[in-house]
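Subject: Structure handover

Hello,

Here is the structure I said I would pass on. Please look it over first; my notes on what was found follow below.

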Amino acid sequence: MTRYRKNVFKTALDFDNKQLNLCVAKINAQQALLTIVRTALPAEIAPHAQHCVASGAQILLYCDSASWASQIRFFNRAILDKLHDAGHPYIVRLQVRIVPPTGEPIRPKRTPRLPSAENVGLIAQQIKQADEQDVLAAALARLGATLAKRLRED
């Protein structure tokens with residue numbers, strides 16, 4: 001006899017959304033702090049303050065580049081005073097961080113700089129004069145063979 005179990009999987013809509021409401025409340029609090037911080041900054045600098053998170057007695061302010069972070073640091077006292085006036089006296093320190101750029105950084109393709117054919121020939125001459133038992137001479141022979149091969153490929 002086969003027993004069928006009732007499906008115990010719950011969709012996101014079946015929960016009472018306590019966790020989701022907690023996350024939404026934290027996001028709203030962070031947006032309120034960001035609004036207060038932006039009012040303390042000049043109009044041309046304010047849009048570069050992207051995120052704001054209260055962490056204990058300090059506030060972490062994230063901006064989009066190092067140059068704007070240094071400009072925002074000049075307004076440290078004004079931002080803290082504005083936060084105290086808005087009812088956040090427990091915040092006593094401001095730390096400005098930079099949001100790393102999204103996506104993969106574009107790296108230029110590195111091309112090796114090979115020695116000239118003349119220099120590769122000099123390496124080959126030194127290999128002929130070296131002792132066959134010498135470990136360094138064997139490594140030099142492998143290097144010479146690799147360089148000669150690369151020069152033929154190019």
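To begin with a single residue: is Ile127 buried, partly exposed or exposed, and why? Ile127 has a relative accessible area of 25%, so it counts as partly exposed, because buried requires under 20% and exposed requires over 50%. Please keep in mind throughout that this is a predicted model.

Ile127 sits in helix H4, which covers residues 117–129. Setting aside residues up to four places away in sequence, Ile127 touches Leu140 and Ala141. Tyr90 is 37 residues from Ile127 along the chain, and the C-alpha atoms of the two are separated by 73 Å.

The overall layout

The protein contains 5 helices and 3 strands. Read from the N terminus, its elements follow the order α-β-β-α-α-β-α-α. The radius of gyration is 32 Å, whereas the globule rule gives 15 Å for 154 residues, so the protein is more spread out than a compact globule. The C-alpha trace spans about 85 × 75 × 30 Å along the principal axes.

Of the 154 residues, 19% count as buried. The protein exposes about 12400 Å², and carbon and sulfur atoms supply 56% of that area. Among contacts with a separation of 6 or more, 56% are between residues 24 or more positions apart. As for charge, there are 21 positive and 13 negative side chains, with the centres of the two sets 11 Å apart.

Helix H1 and what covers it

Helix H1 runs over residues 18–40, which makes 23 residues. From its first C-alpha to its last it reaches 34 Å, close to the 33 Å expected at 1.5 Å a residue. Which residues of H1 are buried? They are Leu33, Leu34, Ile36, Val37 and Ala40. The cover over the buried residues of H1 includes strand E1 (49–55), strand E2 (58–63) and helix H3 (76–85).

Two of the buried residues in H1, Leu33 and Ile36, are also in contact with His88. His88 is found in the loop between H3 and strand E3 (93–98). A further contact of His88 is Leu83, with neighbours within four places in sequence left aside. His88 has a relative accessible area of 19%, so it is buried, the limit being under 20%.

Strand E3

Val96 is in strand E3. Its relative accessibility is 9%, and Val96 therefore counts as buried. What does Val96 touch, not counting residues up to four places away in sequence? The residues are Leu61, Cys63, Ala69, Ile72 and Arg73. Val96 also has a C-alpha separation of 9.3 Å from Cys52, although the two are 44 residues apart along the chain.

Helix H5

Thr146 belongs to helix H5, residues 135–153. Is Thr146 buried or partly exposed? With a relative accessible area of 40%, Thr146 is partly exposed. Thr146 and Val120 are 26 residues apart in sequence, and 9.7 Å lies between their C-alpha atoms.

To put the main points together: this predicted model is more spread out than a compact globule, and 19% of its residues count as buried. His88 and Val96 are buried, while Ile127 and Thr146 are partly exposed.

Regards

How values were computed: Residues numbered from 1 in each chain as written. Predicted model: local features only at pLDDT ≥ 70, side-chain atom pairs only at ≥ 80, totals over all residues. Heavy atoms only, no water. Helix = DSSP H or I, 4+ residues; strand = E, 2+ residues; numbered from the N terminus. Expected span 1.5 Å × (residues − 1). Buried < 20%, exposed > 50% of the residue type's maximum accessible area, 1.4 Å probe, protein only. Contact = heavy atoms within 4.5 Å. Rg over C-alpha atoms; globule rule 2.2 N^0.38 Å. Areas by Shrake-Rupley, 256 points an atom, 1.4 Å probe, with all protein chains shown as cover. Lys, Arg positive; Asp, Glu negative; His and termini not counted. Charge placed at Lys NZ, Arg CZ, Asp CG, Glu CD.
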